[in-house]
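Trainee: I would like a close look at the salt bridges in this protein, with enough of their surroundings to place them. Please go through them pair by pair.

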Amino acid sequence: MSTHQTAVTKYVTVKDIKFAYRLFGAESGIPLVCLQHYRGTMDHWDPLPLNTLALTRPIFLIDYAGTGLSTGSTPTTFSGWASDIASVLEALNIPAVDLLGFSVGSFAAQMVALNYPELVKHLILCGSGPSATEGLQPTGEGIFEGFTSAVTFEENKAIYLSAFYTSSAESQKAGLEAWERITTSRQDRSDWTDEKSTQNQVAAVMEWLKGEGDVSFPRLGELKMPVLVAAGAKDDVVATANSLVLWKEIEKGFLCVYPQASHGFMSQYGVLFANNVELFLGSEMGG
């Protein structure tokens with residue numbers, strides 16, 4: 001069985017863009033499509049939770065247009081990201097998926113599920129929130145700017161550890177272990193997104209935060225598939241309170257909050273998180 005570390009990068013051309021993707025894990029079953037966080041690529045996933053999930057199901061990773069190994073320009077709206085994802089899956093003849101989105105990837109995942117509901121069987125939203133509405137809390141001071149301006153390996157490491165993990169010794173230890181797994185899991189890793197893609201991602205985030213255009217909050221009642229909202233109890237990147245606002249609007253919403261964790265809860269509780277996802281995807285209540 002292939003893993004995150006050994007998966008072969010493949011390409012599919014859609015709308016004149018060559019999208020890079022990887023498919024690994026179990027050889028049969030509904031794929032779990034994973035959409036990455038701000039400025040990240042396929043090479044910025046933690047292999048621990050993904051390889052645990054890959055024991056029982058195929059895992060599908062993709063670089064958004066204009067990021068990592070994909071060509072083209074990153075769309076400036078999350079509905080644009082969703083359109084790309086749906087088009088890639090159609091081109092690959094994948095008619096149904098389970099969908100996991102992390103951070104801004106969860107914003108795109110919401111739009112995939114809303115605009116292409118026949119495609120998504122289960123939706124998992126990690127470190128997430130809806131588009132603009134009352135009751136949302138802002139990102140912690142300096143965090144977004146820190147991720148945007150980080151250039152060097154050490155700068156990215158510093159903001160990752162300070163933003164994705166709490167200041168406790170236990171959480172920081174988990175963060176260092178995750179950083180080591182992420183940065184050593186593959187050779188010839190893609191870098192963080194370049195300036196142009198970053199600017200376009202910022203534009204998508206700004207539209208989302210303003211509630212402009214095709215966004216999720218007014219439409220969350222349209223989601224009819226089971227949805228798992230997962231969060232760290234002390235998230236300052238996408239405030240934990242925002243996950244609660246999101247969860248309350250979803251008809252078949254399940255909520256899982258991880259104690260003493262921030263945005264990096266998927267890594268801090270890697271195996272437990274994977275087991276929780278497995279339970280959600282496999283249970284009668286989840287399906």
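Mentor: What follows describes a predicted model, taking the fold before the charged pairs.

Start with the sheet, since several of the residues are placed by its strands. Eight strands form an open sheet, and their order across it is 1-2-4-3-5-6-7-8. The pairing is mixed. Strand 1 (10-14) and strand 8 (253-258) are the edge strands, each with pairing on one side only. From one strand to the next, the twist averages 25 degrees.

At the strand 8 edge, the neighbour is strand 7, residues 227-232, and these two strands run parallel, joined by six bridges. Two residue pairs help to locate this on the model. A230 stands opposite C256 of strand 8, and L228 has F254 of strand 8 as its bridge partner. The chain gets from strand 7 to strand 8 by way of helix 8 (residues 240-248), in a β-α-β crossover that is right-handed. As background, strands of a sheet pair through backbone hydrogen bonds, in a parallel or an antiparallel sense.

Now the charged pairs. In general, side chains of opposite charge can pair when their charged atoms come close. In this model the count is 10 salt bridges. Three of them are worth taking in turn, together with the places they occupy.

The pair of E251 and K224 belongs to the region just described. Their closest N and O atoms are 2.9 Å apart, and the two residues form a salt bridge. E251 is in the loop between helix 8 and strand 8, whereas K224 is in the loop between helix 7 (195-210) and strand 7. The two residues are 27 apart along the chain, so the pair links distant parts of it. How does their accessibility compare with the cut-offs? E251 has 53% relative accessibility and counts as exposed, because the cut-off for that class is over 50%. K224, at 47%, is partly exposed.

The pair of D43 and R22 has another setting. Here the salt bridge has its closest N and O atoms 2.8 Å apart. D43 is in the loop between strand 3 (32-35) and helix 1 (47-54), and R22 is in strand 2, residues 17-25. This pair too links distant parts of the chain, with the two positions 21 residues apart. Both partners are buried: D43 has a relative accessible area of 2%, and R22 has one of 3%. The side chains of R22 and D43 are also joined by a polar contact of 2.8 Å.

R22 has further company. Salt bridges that share partners join R22, D43 and R186 into one network. Leaving aside neighbours within four places in sequence, the contacts of R22 include A7, V8 and T9, as well as I59, F60 and L61. M42, L69 and R186 are also among the residues in contact with R22, as is D43.

The third pair lies within one helix. E177 and K173 meet through their side chains in a salt bridge, with an N to O distance of 2.6 Å. Both are in helix 6 (residues 169-184), and because they are four residues apart, about one helical turn separates them. E177 is partly exposed at 38% relative accessibility.

T183 is also in helix 6, but it is buried, with a relative accessible area of 17%. A polar atom of the T183 side chain lies 2.7 Å from the backbone oxygen of W179. Apart from neighbours within four places in sequence, T183 is in contact with F153 and R189.

One last position can be checked on the model. G80 is placed in helix 2, residues 78-91. G80 counts as buried because its relative accessibility is 18% and the limit is under 20%. The C-alpha atom of G80 is 9.5 Å from that of V112, which is 32 residues away along the chain.

To put the pairs side by side: D43 is buried and R22 is buried, whereas E251 is exposed and K224 is partly exposed. E177 is partly exposed.

Key. Residues numbered from 1 in each chain as written. Predicted model: local features only at pLDDT ≥ 70, side-chain atom pairs only at ≥ 80, totals over all residues. Heavy atoms only, no water. Pairing = 2+ DSSP bridges. Axes fitted to C-alpha atoms, helices over the stretch in contact; angles between N-to-C directions. Buried < 20%, exposed > 50% of the residue type's maximum accessible area, 1.4 Å probe, protein only. Right-handed = clockwise from strand over helix to strand, strands pointing away. Salt bridge = Lys/Arg side-chain N within 4 Å of Asp/Glu carboxyl O. Polar contact = N/O pair within 3.5 Å; in protein donor to acceptor, adjacent residues only side chain to side chain. Contact = heavy atoms within 4.5 Å.
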